[in-house]
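Thanks for making time this morning, everyone. I'd like to walk you through one model, so let me put it on the screen.

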Amino acid sequence: MVVLHEISEGASSSSSTHGHRYDVFLSFRGVDTRNSFTNHLYNALMHANITTFLDDEEIEIGEDLKPELESAIKSSRAFVIVLSKNYADSTWCFDELVLILEQRMTSNHIVIPVFIMLSPHMSGSKKVALEMQWLSIKR
């Protein structure tokens with residue numbers, strides 16, 4: 001089990017020396033959770049002094065991953081992926097997930113999946129869930 005408080009311990013000294021600007025990067029599908037779960041999670045993390053990246057810009061369909069997001073992913077120590085009912089339907093979320101998993105495989109970053117509002121009938125989300133399960137087994 002990962003205790004998020006442990007992520008932030010020593011963050012001010014170790015983050016700058018290892019190139020980490022953020023303790024946690026939140027990956028989520030905005031239309032599903034931005035104004036509910038993800039917003040509450042972000043506020044709770046920040047209240048606990050865990051420096052958290054939250055993209056608050058609207059994302060255009062078909063747009064490439066913005067350089068700022070790629071930089072934020074690469075400079076985060078851990079990732080919380082909020083897997084909602086439409087997460088797997090977004091190419092934007094998929095691009096984020098690919099980069100996050102690359103970070104996990106090359107640098108052993110912490111990845112924490114959070115499953116909300118999922119139904120077993122949603123093939124895209126089910127696929128992401130299985131991939132996340134595989135990732136935790138590979139650990």
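**A helix and the core beside it**

Let's begin where H6 begins: a side-chain oxygen of serine 90 comes to within 3.2 Å of the backbone nitrogen of tryptophan 92. Please keep in mind that this is a predicted model.

H6 itself runs over residues 91-107, so to speak our main character today. Its 17 residues reach 24 Å from the first C-alpha to the last, close to the 24 Å expected at 1.5 Å a residue.

Which residues of H6 are buried? They are Trp92, Cys93, Glu96, Leu97, Leu99, Ile100, Gln103 and Arg104. They cover an arc of only 165° around the axis, and therefore sit on the same side of H6. On the other side of the helix, Thr91 and Thr106 are exposed. Just after H6 comes asparagine 108, with a positive phi near 55°.

Now to the largest nonpolar core, which has 16 residues. The members that touch the most others are Phe25, Phe53, Ile73, Phe79, Ile81, Tyr87 and Ile100. At least two residues of this core come from each of strand E1 (22-27), helix H5 (67-74), strand E3 (76-83) and H6. H6 gives the largest share, 5 residues.

If you'd like one residue to click on, take isoleucine 100. Setting aside neighbours within four places in sequence, isoleucine 100 is in contact with Phe25, Ser27, Ile73, Phe79, Ile81 and Val111. Apart from the largest core there is another, of 12 residues, including Leu26, Phe28, Leu45 and Val80.

Let me add serine 76, which is in strand E3. Is serine 76 buried or exposed? Its relative accessibility is 0%, so serine 76 counts as buried. Leaving out residues up to four places away in sequence, serine 76 touches His20, Tyr22, Val24, Phe25 and His109.

One last stop, at a backbone angle. Most residues other than glycine have a negative phi. Asparagine 49, however, has a positive value, near 60°. Where is asparagine 49? It lies in the loop between helix H4 (37-47) and strand E2 (52-53). With 62% relative accessibility, asparagine 49 counts as exposed, whereas serine 76 counts as buried.

That's my tour, and I'm happy to take questions.

Definitions and conventions. Residues are numbered from 1 along each chain as its sequence is written. This is a predicted model: local features need pLDDT of at least 70, side-chain atom pairs count only at pLDDT 80 or more; totals for chains, interfaces and linings use all residues. Side-chain values use heavy atoms; hydrogens and water are left out. Helices (H or I, at least four residues) and strands (E, at least two) are DSSP runs, numbered from the N terminus. The expected span of a helix is 1.5 Å times one less than its number of residues. Buried means under 20% relative accessible area, exposed over 50%, partly exposed in between (1.4 Å probe, protein chains only). The arc is that of the directions from the helix axis to the C-beta atoms. A polar contact is a pair of N or O atoms within 3.5 Å; within protein, one must be able to donate a hydrogen and the other to accept it, and residues adjacent in sequence count only if both atoms are side-chain atoms. A nonpolar core is a set of buried Ala, Val, Leu, Ile, Met, Phe, Trp, Tyr and Cys residues joined through side-chain atoms within 4.5 Å. Contact means heavy atoms within 4.5 Å.
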